[in-house]
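Trainee: I have a model open on my screen and would like to learn how to read it. Could you walk me through it, one feature at a time?

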Amino acid sequence: MEGEPTRIMLAVNQSTIKGYPHASISSSRAFEWTLQKIVRSNTSGFKFLFLHVQVPDEDGFDDVDSIFASPDDFKDLKQRDNARGLQLLEFFVNRCHEIGVACEAWLKKGDPTEVICLEVKRVQPDFLVVGSRGIGRFKRVFVGTVSEFCAKHAECPVITVKRTVDETPEDQVED
């Protein structure tokens, strides 16, 4: 329909180097690339849909010994994780407000590959943008790749944005 903004879903994640609430290099790069190459000066013609998928720890405690956990510990950790996820999304939302681009943001929990594709199906954006660490074939076998899965399974066009060489940490798995 004419007059409606192009809806860009951007799957964002936290940095494994700096930790929450810092955006990963790949997420930041994908966002900035989309602003520079697609949105440009047409801020009213686009709307960002930010999705952050939190991957639950197997026992829900990260580095805490679950044997000595109380029900309050679970509640505290859940609140902390939600707060960190919201801080991550706040970074992108604030940036959009600074430049005048409409946006929405939300958190989900689960396997990022599955959740992103389900959210694409539910929300039906015009396209999906995901960052890529640009890891080689050997490492990809062990760590998997969300961007490749989304490119194959998402029900919309997918743009994968790679990090630049100068943005790549020594260990490419880190981001």
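**Reading the model**

Mentor: Let us start with one residue: K108 is partly exposed, because its relative accessible area is 33%, and buried means under 20%, exposed over 50%, partly exposed in between, with a 1.4 Å probe and protein chains only. This is a predicted model, in which local features need pLDDT of at least 70 and side-chain atom pairs count only at pLDDT 80 or more, while totals for chains, interfaces and linings use all residues. Residues are numbered from 1 along each chain as its sequence is written, and side-chain values use heavy atoms, with hydrogens and water left out.

Trainee: Which elements run along the protein, from the N terminus on?

Mentor: Helices (H or I, at least four residues) and strands (E, at least two) are DSSP runs, numbered from the N terminus. Here there are five helices and five strands, in the order β-α-β-α-β-α-β-α-α-β.

Trainee: How much of the protein is buried, and what area does the protein expose?

Mentor: Of the 175 residues, 34% are buried. Accessible areas come from the Shrake-Rupley method with a 1.4 Å probe, and for residues only the protein chains shown count as cover. The protein exposes about 10,500 Å², with carbon and sulfur atoms supplying 50% of it.

Trainee: What do the contacts tell me about the chain?

Mentor: A contact means heavy atoms within 4.5 Å. Among contacts between residues at least 6 apart in sequence, 77% join residues at least 24 apart.

Trainee: How should I read the strands, and which of them pair with β2?

Mentor: In a regular strand, side chains alternate between the two faces of the sheet. Two strands pair if DSSP finds at least two bridges between them. Strand β1 (residues 6–12) pairs with β2 in the parallel sense over seven bridges, and V12 has H52 as its bridge partner in β2. Strand β3 (residues 102–109) also pairs with β2 in the parallel sense, over eight bridges; there, L49 has E104 as its bridge partner in β3.

Trainee: Is β2 mostly covered or mostly uncovered?

Mentor: Strand β2 (residues 46–54) is mostly covered, with eight of its nine residues buried.

Trainee: Now to charges: how many salt bridges are there?

Mentor: Side chains of opposite charge can pair when their charged atoms come close. The rule asks for a side-chain nitrogen of Lys or Arg within 4 Å of a carboxyl oxygen of Asp or Glu. By this rule the count is five salt bridges. One of them joins E32 and R95, whose closest N and O atoms are 3.2 Å apart. This pair links distant parts of the chain, with E32 in helix α1 (residues 25–39) and R95 in helix α2 (residues 71–99), 63 residues apart. E32 is partly exposed at 23% relative accessible area, and R95 is partly exposed at 25%.

Trainee: What about K108, where we began: which side chain meets that of K108 in a salt bridge?

Mentor: The partner is E119, at 3.9 Å from N to O. E119 lies in helix α3 (residues 112–123) and K108 in strand β3, so the salt bridge ties together parts that are eleven residues apart in sequence. E119 is buried, with a relative accessible area of 5%.

Trainee: Which residue joins K108 and E119 in one network?

Mentor: That is R122: salt bridges that share partners join K108, E119 and R122 into one network. R122 forms a salt bridge with E119, with the closest N and O atoms 2.7 Å apart. R122 and E119 are separated by about one helical turn, because they are three residues apart in helix α3. R122 counts as exposed, at 53% relative accessibility.
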